Amino acid sequence: MAAISLSLSLSISQPKSLASDQLGRSEMTGMPLIELGRRRLISPTRRRIGGNAVVVAKLRKVKKHEYPWPEDPDPNVKGGILSHLSYFKPLKEKPKPVTLDFEKPLMDLQMKIVDVRKMANETGLDFTEQIRSLESKYQQALKELYLHLTPIQRVYIARHPNRPTFLDHVFNMTEKFVELHGDRAGYDDPAIVTGLGTIEGRSYMFIGHQKGRNTKENIERNFGMPTPHGYRKALRMMYYADHHGFPIVTFIDTPGAYADLKSEELGQGEAIAFNLRTMFGLKVPIVSIVIGEGGSGGALAIGCANKLLMLENAVFYVASPEACAAILWKTAKAAPKAAEKLRITAPELCKLQIADGIIPEPLGGAHADPSWTSQQLRKAIIENMDELMKMDTQALLQHRAQKFRKLGGFQEGLPVDPIKKRRMKLKDEPLAGKTSTLELETEVERLKEEILKSKDLSAEAPRLGLNEMIEKLKAEVDYEYSVAAEALGLKDNLLLLREELAKARNSQDELIHPALQDKVERFKNEFSQQLTSAPNYASLNSKLDMLKELSKAKKMAETKSKSALLKQEVNKKFKEAIDQRSDLKEKLDIIKSEIENSGVTSVDDLDEELKTKVLEVKKEVQSQIEAVVKSMDMDLKIVNIKPRDGGESLPSNLKGIVGEFDEKLQEKIQDVVNSSDLKNKINLLKLEAGKAGVDATDVGQKNKIQALVQEIKVSLAEALSTSEIVEEHEKLKAEIEKVIDANGNSSRPRINDSRVEINVGAS
């Protein structure tokens with residue numbers, strides 16, 4: 001289309017003749033003015049008319065907008081025949097799926113499902129069970145992920161490129177809808193859409209921010225950021241709805257009002273403020289729904305409503321997490337922390353009574369099932385409007401005013417808890433990592449000396465010092481890891497991972513999700529590969545060595561303490577048992593007296609008859625010890641010991657073969673334990689053992705633990721029964737037998753070549 005602009009330059013010599021009179025005369029040029037315009041339209045030149053007036057015609061090219069009305073409109077189209085007037089049409093191409101960063105672990109399961117289906121199609125085999133199992137795992141992983149979303153993850157979902165827009169929801173939920181354009185001041189802002197629609201026969205005025213569904217639409221819609229023209233268009237429609245009695249429903253989905261120079265010159269702040277003031281005086285019910293992100297005053301300009309509802313994964317904030325992080329922490333990388341502190345999610349805002357309700361979304365976000373989400377919005381609108389329509393005008397205005405009046409309110413005169421300190425800076429906690437490695441080494445050495453000195457004394461004081469030192473070293477190591485992660489650029493990932501693990505550990509009924517375990521393993525591998533290049537690697541390594549050494553010492557001390565207590569208890573029980581058996585006690589006394597009377601100094605010098613008596617009494621004593629130990633719910637094991645004067649039992653070359661076989665066996669066991677199947681069983685066993693610790697009387701729990709232990713043992717036995725391991729074992733046995741034969745069986749068991757080992761067993 002083309003537009004003609006006319007500019008007139010008049011020089012009037014006769015006062016009685018007006019410019020309008022001169023332009024109306026055809027005698028000025030001898031032809032009509034319209035004809036003159038047509039002739040001069042293409043060539044924008046000046047032409048003097050009547051000697052005093054000059055007409056200038058210029059051609060201004062304007063983009064031709066295709067008229068949306070078709071040649072033969074379908075009167076039965078959904079939304080009514082007027083829906084043809086809308087430029088919002090279904091996309092010709094389906095939007096490409098977009099995977100957010102925290103959703104990437106789910107992609108592995110999706111790819112497996114696709115691969116199995118492809119294999120089933122290619123081979124013709126039945127993989128129904130495998131596909132069903134994978135789909136069940138995927139749904140469980142998806143559920144776990146979306147039930148434990150962090151605030152920053154909800155921000156990313158609210159900004160998802162495929163998230164349904166305002167017009168998507170309107171066309172899904174209304175029976176009829178016609179869009180209304182223009183602010184009646186020369187402009188129609190596409191970032192705000194307004195129109196009339198019906199739901200269950202009731203007419204509503206719909207006003208909302210409109211984002212684009214692709215890059216082209218986003219540019220046209222200015223990414224959902226309105227100019228003052230958009231807010232004035234919304235204001236005009238609010239007046240229209242108020243005049244005709246239409247309830248107003250506003251949809252909020254904007255990062256904020258457009259903040260360019262031109263918008264400020266046109267009065268962006270004034271337009272928003274005027275909307276705020278006007279909305280508090282409208283005499284019709286207003287419901288606002290946050291369907292994506294609601295940013296600052298740009299969202300509030302159409303959000304002063306009687307009811308503020310939010311979709312489950314929507315966010316409502318005064319400043320974006322990135323902007324808040326840049327202001328407070330001087331880096332946008334702190335956005336996850338800022339999102340948590342701002343309390344911008346729907347559950348948090350409902351607790352603060354800013355939002356009045358949460359509208360559920362499907363698993364995966366609103367973009368996973370837009371139609372279902374729209375129907376939930378429809379139900380919420382009907383339910384809340386039914387409630388508000390019962391109020392009279394005065395009650396409606398009072399209800400809207402009180403909603404905003406109570407925000408941030410407090411009550412004076414209430415007693416304040418003396419322990420609670422207000423308006424005071426929190427006391428700075430002592431930071432770990434301030435102690436130098438040299439100081440720590442000195443403290444560790446001093447502690448070792450105390451432990452050595454206290455062998456014959458009470459070990460309680462050194463043990464307390466040991467525990468304190470271990471806790472201190474743990475804090476130091478944690479600090480060193482944080483410094484290394486920050487230096488390597490992995491601190492944000494580490495913090496997020498710690499938060500996810502903390503939330504997963506809080507759930508006592510379920511195991512840590514395999515996707516989270518894989519994420520932890522990947523981070524460990526990445527961190528370990530880069531750790532050596534960290535500037536504090538030497539300090540970290542030194543502190544780790546000290547921590548391992550002290551932890552080992554603590555474990556040994558605890559084991560020794562337990563062993564001493566156990567030995568003391570066994571001796572006490574054994575003494576009581578011997579006192580009850582006078583015959584055995586008498587035999588022991590007789591044997592002792594006979595050995596003393598014989599005058600020998602070594603057991604080997606005893607005669608055969610006395611040796612036989614000693615062996616018989618020894619067997620009775622061992623059986624008595626076994627009875628005592630079993631009565632204490634422990635296992636008894638009698639093992640042979642090496643002769644004191646026999647030298648080395650095996651030659652050095654054979655020791656090397658045994659060592660190599662032992663290393664292979666340990667590697668094989670480690671591989672089996674690290675396998676996914678056995679690892680899951682071990683994790684499940686830990687979980688069940690933890691539950692059994694809480695409720696020790698649960699017989700079913702104990703049976704489940706025993707069954708899991710048996711399964712793990714069977715899996716290990718099967719893994720270690722491979723032909724390679726069996727051959728190596730047989731070969732090693734043959735070598736040992738050769739050595740024994742060559743030594744002439746000189747290391748046969750003697751009377752004193754055995755000892756009793758007691759192990760705690762499960763009853």
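Is Glu348 buried, partly exposed or exposed, and what is its relative accessible area? In this predicted model, Glu348 is partly exposed, with a relative accessible area of 24%, a value that falls in this class because buried residues lie under 20% and exposed ones over 50%. The side chain of Glu348 meets that of Arg343 in a salt bridge, with 3.1 Å from N to O, and Arg343 is likewise partly exposed, at a relative accessible area of 36%.

Before other pairs are taken up, the chain as a whole deserves a look. Its secondary structure comes to 27 helices and 13 strands, and of its 763 residues 34% count as buried. Among contacts between residues at least 6 apart in sequence, 72% join residues at least 24 apart.

How far the coordinates can be trusted varies along the chain. The average pLDDT is 77, and 73% of the residues score at least 70. Over residues 1–31, however, the pLDDT is below 50, although this stretch has 46 contacts in the model beyond near neighbours in sequence. Residues 40–45 also stay under 50, and for them the model has 8 contacts beyond four places in sequence. Where pLDDT is low, the predicted coordinates should not be read in detail, a caution that applies to the contacts of both stretches.

Side chains of opposite charge can pair when their charged atoms come close. A search of the whole structure finds 19 salt bridges, one of which joins Glu217 to Arg213, with the closest N and O atoms 2.8 Å apart. Here both partners are buried, Glu217 at 15% relative accessibility and Arg213 at 16%, whereas the partners of the pair described at the outset, Glu348 and Arg343, are partly exposed.

Another salt bridge connects the side chains of Glu476 and Lys543, at 2.9 Å from N to O. Glu476 belongs to helix H18 (residues 460–487) and Lys543 to helix H21 (residues 537–580), so this pair ties together parts of the chain that are 67 residues apart in sequence. Both Glu476 and Lys543 are buried. Elsewhere, salt bridges with shared partners link Arg159, Lys211, Asp253, Glu293 and Glu322 into one network.

Glu476 also offers a way to helix H17 (residues 437–453), in which Leu440 has its place. The C-alpha atoms of Leu440 and Glu476 are separated by 9.8 Å, with their positions 36 residues apart along the chain. Leu440 counts as buried, at 0% relative accessibility.

Two packed helices are described by the angle between their axes and the distance between the axes. For helix H22 (residues 582–598) and helix H23 (residues 608–631), the angle is about 145° and the axes are 11 Å apart, and H22 passes H23 in a left-handed crossing. On the H22 side the residues that meet H23 are Leu584, Lys587, Leu588, Ile591, Glu594 and Ile595, while H23 contributes Leu610, Lys613, Val614, Val617, Glu620, Val621 and Gln624.

The cysteines remain to be considered. A disulfide is a covalent bond between the sulfur atoms of two cysteines. With a cut-off of 2.5 Å between the sulfur atoms, the count comes to 0 disulfides. As for the surroundings of individual cysteines, Cys324 counts as buried, at 11% relative accessibility, whereas Cys350 is partly exposed, with a relative accessible area of 25%.

How values were computed: Residues are numbered from 1 along each chain as its sequence is written. This is a predicted model: local features need pLDDT of at least 70, side-chain atom pairs count only at pLDDT 80 or more; totals for chains, interfaces and linings use all residues. Side-chain values use heavy atoms; hydrogens and water are left out. Buried means under 20% relative accessible area, exposed over 50%, partly exposed in between (1.4 Å probe, protein chains only). A salt bridge is a side-chain nitrogen of Lys or Arg within 4 Å of a carboxyl oxygen of Asp or Glu. Helices (H or I, at least four residues) and strands (E, at least two) are DSSP runs, numbered from the N terminus. pLDDT is the predictor's confidence in each residue, from 0 to 100. Contact means heavy atoms within 4.5 Å. Axes are lines fitted to C-alpha atoms, for helices over the stretch in contact, and angles run from 0 to 180 degrees between N-to-C directions. A crossing is left-handed if the near helix is turned anticlockwise from the far one by less than a right angle, and right-handed if clockwise.
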